[in-house]
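Biologist: I'd love to walk through this one with you. Could you bring it up so that we can go over it together?

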Amino acid sequence: MSVGHVARLLEEAGIATVIVAVEAFRLRLESMSVPRLLVTPHPMGRPLGPPGDHARHREVLRAALGLLGREERSETAAYRLLPMIPNAFPAYTFRNTASGRSSP
């Protein structure tokens, strides 16, 4: 069973989910209509970032947890985490690919 199917089952049971994925999986997950999706610019297999980069891991996890409070059930809310540029953007900055707007 894929992550998207598991997320859908958990959501139906009343448990909010956020999928953290790399760009390579964005279109497939969006087509599955998952409720919350955070797309990161990292390589496949490392959606939280480079090994040992604890600051980046926290940044990605905080952005994902920030999506939990959003009620997005009618269509996928896909947010793209901006590229890693040290001190260039706040830890919670992500982009809603549907609206093109950035959110803190």
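Modeller: Gladly; let's start with the surface.

Biologist: What share of the chain's accessible surface belongs to carbon and sulfur atoms?

Modeller: This is a predicted model, in which local features need pLDDT of at least 70 and side-chain atom pairs count only at pLDDT 80 or more, while totals for chains, interfaces and linings use all residues. Residues are numbered from 1 along each chain as its sequence is written, and side-chain values use heavy atoms, with hydrogens and water left out. Accessible areas come from the Shrake-Rupley method with a 1.4 Å probe, and for residues only the protein chains shown count as cover. The chain's accessible surface comes to about 6,200 Å², and the share of carbon and sulfur atoms is 58%.

Biologist: And how much of the chain is buried?

Modeller: Buried means under 20% relative accessible area, exposed over 50% and partly exposed in between (1.4 Å probe, protein chains only). The chain has 104 residues, and the buried portion is 35%.

Biologist: In what order do the helices and strands run?

Modeller: Helices (H or I, at least four residues) and strands (E, at least two) are DSSP runs, numbered from the N terminus. The chain holds three helices and five strands. Read from the N terminus, the order is α-β-α-β-α-β-β-β.

Biologist: Which residues make up the largest nonpolar core, and which strands supply at least two of them each?

Modeller: A nonpolar core is a set of buried Ala, Val, Leu, Ile, Met, Phe, Trp, Tyr and Cys residues joined through side-chain atoms within 4.5 Å. The largest one has eight residues: Ala-7, Ile-19, Ala-21, Leu-29, Met-32, Val-34, Leu-37 and Val-39. The strands that each supply at least two are β1 (19-22) and β2 (36-40).

Biologist: What does Ala-21 contact, leaving aside neighbours within four places in sequence?

Modeller: Contact means heavy atoms within 4.5 Å. With those neighbours set aside, the partners of Ala-21 are Leu-29, Leu-37, Leu-38, Val-39, Thr-40 and Pro-47.

Biologist: Val-34 sits in a loop between which two elements, and how far is its C-alpha from that of Ile-19?

Modeller: The loop runs between α2 and β2, and Val-34 is buried there at a relative accessible area of 2%. Val-34 and Ile-19 are 15 residues apart in sequence. C-alpha to C-alpha, their distance is 8.1 Å.

Biologist: Which elements do the buried residues of α1 pack against?

Modeller: In α1 (residues 3-12), Gly-4, Ala-7 and Glu-11 are buried. Seen down the helix axis, the directions to their C-beta atoms fall within an arc of 60°, so these residues line one face of α1. They pack against β1, α2 and β2.

Biologist: Which three residues are linked in a network of salt bridges?

Modeller: A salt bridge is a side-chain nitrogen of Lys or Arg within 4 Å of a carboxyl oxygen of Asp or Glu. Arg-26 meets Glu-23 at 2.8 Å, N to O, and Glu-30 at 3.2 Å. Because Glu-30 and Arg-26 are four residues apart in helix α2 (residues 26-31), about one helical turn separates them. The linked residues are Glu-23, Arg-26 and Glu-30.

Biologist: Is Arg-26 buried or exposed?

Modeller: Its two partners each count as partly exposed, Glu-23 at 34% relative accessibility and Glu-30 at 23%. Arg-26 has a relative accessible area of 17%, which means that Arg-26 is buried.

Biologist: Which residue does Glu-59 meet in a salt bridge?

Modeller: The partner is three residues away in helix α3 (residues 54-67), about one helical turn. Both residues are buried. At 2.8 Å, N to O, Glu-59 meets Arg-56.

Biologist: Which residues are exposed on the other side of α3?

Modeller: The buried residues of α3 are Arg-56, His-57, Glu-59, Val-60, Ala-63, Ala-64 and Leu-67. They fall within an arc of 160° seen down the axis, so they line one face of the helix. On the other side, the exposed residues are His-54 and Leu-65.
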